[in-house]
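Reader: Could you walk me through this model feature by feature? I would like the general idea each time, and then the case at hand.

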Amino acid sequence: MIFLALIYLSFISLGLPDAVLGSSWPIMNMEFRVPVGNAGFVSIMISACTILSSLFSHRLIRRFGTGKVTVVSVALTAIALLGFSLSPSFAWLLACAVPLGLGAGAVDSGLNEFVAEHYEAKHMNWLHCFWGVGAMLGPALISVLALWGRTWRSGYLSISIIQFALVALLAFSLPMWKKFESPSSEPADEVRQGKEKRSLLMMLRAKGSVFVMLSFLLNASMEASMMLWGASYLVKMKGVLPESAAGWVSLFFLGVTVGRMVSGFVSIKLSNEALIRIGTIFLIVGFVFMILPLPAVFAIGAFILVGLGLAPIYPSMLHQTPVYFGKDNAQAVMGLQMSFAYTGNTLMAPLFGQLFANVSFSLMPCVLLACAVGLLVCRTYLIAITKKESPVREPEDKADDREAGQTLGS
């Protein structure tokens with residue numbers, strides 16, 4: 001129980017820095033005397049390093065184990081956040097974004113795979129709910145410190161101290177990780193390395209794997225688009241006042257956080273794919289309400305529906321990784337899935353924004369509806385493959401996990 005509680009704390013710490021840059025940037029950009037749009041360069045640097053770290057994290061985890069990689073990764077984020085608090089220039093921020101992204105990517109993919117392999121689906125949903133708690137606490141901390149007359153640097157310093165405290169707890173818990181894993185102390189031989197490389201390529205080329213990766217891309221694109229452009233849509237298409245729009249969009253985050261808490265209980269009775277289908281139906285209904293020429297209150301209600309719909313999809317897809325690909329390939333595939341998700345956050349949402357800004361924001365719910373339908377098609381196809389080639393699969397059964405891996409690897 002103590003060990004699981006530590007993993008929950010790790011997910012809160014993952015969320016803490018995620019929304020702090022946006023909350024602090026209006027003050028930071030004036031202090032550094034750079035354009036407002038420069039925050040995008042910092043965000044892109046963090047995302048690029050996160051993607052890179054996710055892709056290669058499985059090699060480090062195979063060699064050293066999830067526990068040690070998590071300790072080092074959280075230490076990297078703590079050092080990076082300390083660097084942010086001490087930054088004398090914008091160039092320094094870009095430099096600190098590198099260890100922040102590298103640390104976040106490794107710990108994110110590592111912990112998600114570890115939980116998917118060793119814990120039930122309810123914990124995956126609740127853990128991502130706790131990530132949402134951290135994401136909400138970060139800006140709240142900045143706001144409280146500002147009210148006390150402190151600068152944005154105090155906010156980054158405070159979060160850095162929290163991360164360093166977590167590093168100490170994780171280092172103390174390293175013996176507990178050994179109960180779950182036994183990483184090799186010897187370097188992998190050339191044959192083993194070749195097998196790992198072939199396995200990763202096989203997973204990418206396997207029948208159905210493209211639909212798994214596309215699912216993560218589509219889901220992340222929808223979530224990031226709602227976060228980035230939700231307020232703009234309400235202002236431009238529904239006539240909501242700008243100062244009110246941000247408050248209404250917070251209901252979307254509330255829907256995601258509450259939805260994941262509820263999904264944890266529902267997952268006890270329903271399968272991961274059932275939760276994904278239900279969530280996607282919520283998304284489709286929510287986007288249809290946004291498309292219809294209804295009063296603003298319906299669009300606001302639709303934001304809550306979309307948040308509730310997105311809530312179970314990402315954690316449920318992550319928890320399916322060992323089922324579809326087998327435990328031997330799960331960590332490598334997890335890194336690939338996370339990289340596709342980060343690509344959706346980094347690339348697709350800004351591209352959608354350019355489309356909406358240059359044509360019309362009335363396209364936003366139409367484009368996101370197409371993404372939701374695409375996600376439903378991907379998951380339906382995956383279920384069809386699973387039933388056809390491997391009718392019985394339980395994540396807890398090792399033989400079935402291997403069979404699941406062979407399903408997409410055949």
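Author: Happily! Let's begin with burial: of the 410 residues of the protein chain, 52% count as buried. Please keep in mind that this is a predicted model.

Reader: Which secondary structure elements does the protein chain have, helices or strands?

Author: The protein chain has 17 helices and 0 strands. Contacts add to that picture: among those between residues at least 6 apart in sequence, 81% join residues at least 24 apart.

Reader: How much area does the protein chain expose, and what share do carbon and sulfur atoms supply?

Author: About 18,300 Å² is exposed by the protein chain, and carbon and sulfur atoms supply 71% of that area.

Reader: Let's turn to charges. How should I read salt bridges, and how many are there?

Author: The general idea is that side chains of opposite charge can pair when their charged atoms come close. Here the count comes to 3 salt bridges. One of them joins Arg153 to Glu31, with the closest N and O atoms 2.6 Å apart. That pair links distant parts of the chain, since Arg153 sits in helix α7 (residues 152–172) and Glu31 in helix α2 (residues 20–32), 122 residues apart. Glu31 is partly exposed, at 40% relative accessible area.

Reader: Which residue does Lys122 pair with?

Author: Lys122 forms a salt bridge with Glu120, and their closest N and O atoms are 3.5 Å apart. Lys122 has 21% relative accessibility, and because buried means under 20%, Lys122 counts as partly exposed. Glu120 is partly exposed too, at 44%.

Reader: And Arg379: what is its partner in a salt bridge?

Author: Arg379 meets Glu273 through their side chains, at 2.7 Å from N to O. This pair also links distant parts of the chain: Arg379 belongs to helix α16 (residues 363–389) and Glu273 to helix α12 (residues 272–291), 106 residues apart. Arg379 is buried, with a relative accessible area of 2%, and Glu273 counts as buried at 8%.

Reader: Helix α12 has come up now. How do I check its length against its residues, and what span should it have?

Author: You multiply a rise per residue by the number of steps. At 1.5 Å a residue, the 20 residues of α12 should span 28 Å, and the end C-alpha atoms lie 29 Å apart, which agrees.

Reader: Which residues of α12 are buried?

Author: A general point helps first: an α-helix has 3.6 residues a turn, so residues three or four places apart point the same way. In α12 the buried residues include Leu275, Ile276, Gly279, Thr280, Leu283, Gly286, Phe287 and Met290.

Reader: Could we follow one of them? What does Ile276 contact beyond its neighbours within four places in sequence?

Author: Ile276, in helix α12, has 0% relative accessibility and counts as buried. Leaving those neighbours aside, Ile276 is in contact with Ile313, Ser316, Met317 and Arg379. Ile276 and Ile313 are 37 residues apart in sequence, yet their C-alpha atoms are 4.8 Å apart in space. Arg379 in that list is also the salt-bridge partner of Glu273.

Reader: What does Ser263 touch, not counting residues up to four places away in sequence?

Author: Ser263 touches Asn125, Leu275 and Pro312. Ser263 is found in helix α11 (residues 242–266) and is buried, with a relative accessible area of 6%.

Reader: How many disulfides does a search of the whole structure find?

Author: The search finds 0 disulfides. As for individual cysteines, Cys129 counts as buried at 4% relative accessibility, and Cys378 is buried at 3%.

Reader: Last topic, aromatic rings. How many pairs are there?

Author: For each pair, you look at the distance between ring centres and the angle between planes. The structure holds 13 aromatic pairs. In one of them, the ring centres of Phe289 and Phe298 are 6.5 Å apart with planes at 0 degrees, so the pair is stacked. Phe289 is partly exposed at 31%, and Phe298 is partly exposed at 38%. For Phe352 and Phe356, the centres are 6.3 Å apart and the planes meet at 35 degrees, so that pair is tilted. Phe352 and Phe356 both lie in helix α15 (residues 327–358), 4 residues apart, about one turn of the helix, and both are buried.

Reader: Which residues form one aromatic cluster?

Author: Phe32, Phe84, Trp152 and Tyr156 form one.

Key:
Residues numbered from 1 in each chain as written. Predicted model: local features only at pLDDT ≥ 70, side-chain atom pairs only at ≥ 80, totals over all residues. Heavy atoms only, no water. Helix = DSSP H or I, 4+ residues; strand = E, 2+ residues; numbered from the N terminus. Buried < 20%, exposed > 50% of the residue type's maximum accessible area, 1.4 Å probe, protein only. Contact = heavy atoms within 4.5 Å. Areas by Shrake-Rupley, 256 points an atom, 1.4 Å probe, with all protein chains shown as cover. Salt bridge = Lys/Arg side-chain N within 4 Å of Asp/Glu carboxyl O. Disulfide = S-S within 2.5 Å. Expected span 1.5 Å × (residues − 1). Phe/Tyr/Trp six-rings, centres within 6.5 Å; stacked < 30°, edge-to-face > 60°.
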